[in-house]
Structure formats: structure tokens, C-alpha cells
Amino acid sequence: MDWDWWTVDFGDAHAGAAGVLVGGNEPGPVYFDVGSGPNVPSTTHWTAYDGRARRPRAEALRAVCACGWRSAAQYPLDWDTIDDQPLNGFVHF
């Protein structure tokens with residue numbers, strides 16, 4: 001998981017991110033084909049799950065924590081409204 005924030009009091013033990021849901025589950029990392037070589041970059045950052053280049057398309061987002069906690073609240077993504085726009089204009093990896 002690529003953590004976007006963490007708490008001052010608990011540090012990395014309570015780092016948080018936007019978790020992606022595909023088919024009701026959190027998918028594995030997205031890999032980027034950069035040609036041949038031993039290192040294949042990957043990410044679990046939510047912006048990578050946009051359905052482009054054979055990547056899975058996020059159905060919903062929810063808060064997740066490094067300690068294993070997952071929010072019960074889910075926030076569906078409306079792809080008719082999002083259309084062709086990148087989720088955040090960039091992908092972290």
C-alpha cells in the first residue's frame with residue numbers, strides 16, 4: 001500500500017490511504033510495463049486504478065490504515081461523470 005498520510009502520535013503504525021475496491025475486494029498492485037529489465041515498477045496508489053492500459057478500474061474508494069483497519073464506508077466512483085479524465089492527473093510509483 002502506498003500510504004498518503006500518517007499520524008504524529010503513532011507514526012507508521014497508523015499510516016493511511018485511499019483504498020481501492022474492485023469487485024468488492026482490494027486488488028493487488030498495478031504493474032507498469034516499461035520494457036525489458038529486472039525491475040518492474042508497481043503501485044497501489046488509488047489513482048492507478050483507472051482502467052487504462054489493462055489496469056483494473058476502481059469501483060469505489062474507502063479509508064485504509066497500516067494497522068489493518070478498513071472503513072466500512074465506501075465511496076463509489078461515477079465513471080460516467082469522470083469520463084476520460086485522469087483520477088488525479090498523475091500516478092505515484
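# Starting from Arg62

Set aside the neighbours within four places in sequence, and Arg62 is in contact with Ala17, Ala18, Gly19, Leu21, Glu26, Arg70, Ser71, Ala73 and Gln74. Keep in mind that this is a predicted model. Arg62 lies in strand β5. Is Arg62 buried or exposed? Arg62 counts as buried, because its relative accessibility is 16% and the cut-off for buried is under 20%. One of its contacts deserves a second look. The side chain of Arg62 makes a polar contact with the side chain of Glu26, at 3.0 Å.

Now step back to the whole chain. The protein chain has one helix and six strands. Read along the sequence, the pattern is β-β-β-β-β-β-α. The strands come before the helix in that pattern. The protein chain has 93 residues, and 31% of them count as buried. Its accessible surface comes to about 6,100 Å². Carbon and sulfur atoms account for 52% of that surface. Contacts also reach along the chain. Take the contacts between residues at least 6 apart in sequence: 52% of them join residues at least 24 apart.

Return to β5, the strand that holds Arg62. Strand β5 covers residues 60-65. How many of its six residues are buried? Five are, so the strand is largely enclosed by the rest of the structure. β5 also has a partner. It pairs with strand β6, residues 75-76, in the antiparallel sense over two bridges. In this pairing, Ala60 of β5 stands opposite Pro76 in β6. A rule for regular strands helps when you look at side chains. In a regular strand, side chains alternate between the two faces of the sheet.

Next, look at the largest nonpolar core. It has twelve residues: Ala18, Val20, Val30, Phe32, Trp46, Ala48, Tyr49, Ala58, Leu61, Leu77, Trp79 and Ile82. Which elements each supply at least two of these residues? Strand β2 (11-21) does, and so does helix α1 (79-82). Ala18 is in this core, and Ala18 is also among the contacts of Arg62. Val20 is another core member to follow. Leave out residues up to four places away in sequence, and Val20 touches Asn25, Glu26, Pro27, Trp46, Tyr49, Ala58, Ala60 and Leu61. Among these, Trp46, Tyr49, Ala58 and Leu61 belong to the core. Glu26 appears here too: Val20 touches Glu26, and the side chain of Arg62 makes a polar contact with that of Glu26.

Move on to the cysteines. The structure holds zero disulfides. Why do Cys65 and Cys67 not form one? The sulfur of Cys65 is 3.5 Å from the closest cysteine sulfur, in Cys67, and that is too far for a bond. A disulfide needs the two sulfur atoms within 2.5 Å. The cover of the two residues can be read next. Cys65 is buried, because its relative accessible area is 10%. Cys67 is partly exposed, with a relative accessible area of 46%.

Strand β4 is the next stop. Thr43 lies in β4, which spans residues 42-43. Thr43 counts as buried because its relative accessibility is 3%. A polar atom of the Thr43 side chain lies 3.0 Å from the backbone nitrogen of His45. Thr43 can also be placed against Tyr31. These two residues are twelve apart along the chain, and their C-alpha atoms are separated by 6.8 Å.

Last comes the loop between β4 and β5. Asp50 lies in this loop. At 6% relative accessibility, Asp50 counts as buried. The side chains of Asp50 and Arg55 are joined by a polar contact of 2.8 Å. Ala53 has its place in the loop between β4 and β5 as well. Is Ala53 buried or exposed? Ala53 counts as exposed, because its relative accessibility is 68%. Its backbone has a feature to check: Ala53 has a positive phi of about 50 degrees, although it is not a glycine. Arg54 also sits in the loop between β4 and β5. Phi of Arg54 is near 65 degrees, again a positive value in a residue other than glycine. Arg54 is exposed, with a relative accessible area of 85%.

Note on methods. Residues are numbered from 1 along each chain as its sequence is written. This is a predicted model: local features need pLDDT of at least 70, side-chain atom pairs count only at pLDDT 80 or more; totals for chains, interfaces and linings use all residues. Side-chain values use heavy atoms; hydrogens and water are left out. Helices (H or I, at least four residues) and strands (E, at least two) are DSSP runs, numbered from the N terminus. Buried means under 20% relative accessible area, exposed over 50%, partly exposed in between (1.4 Å probe, protein chains only). A polar contact is a pair of N or O atoms within 3.5 Å; within protein, one must be able to donate a hydrogen and the other to accept it, and residues adjacent in sequence count only if both atoms are side-chain atoms. A nonpolar core is a set of buried Ala, Val, Leu, Ile, Met, Phe, Trp, Tyr and Cys residues joined through side-chain atoms within 4.5 Å. Contact means heavy atoms within 4.5 Å. Two strands pair if DSSP finds at least two bridges between them. Accessible areas come from the Shrake-Rupley method with a 1.4 Å probe; for residues, only the protein chains shown count as cover.
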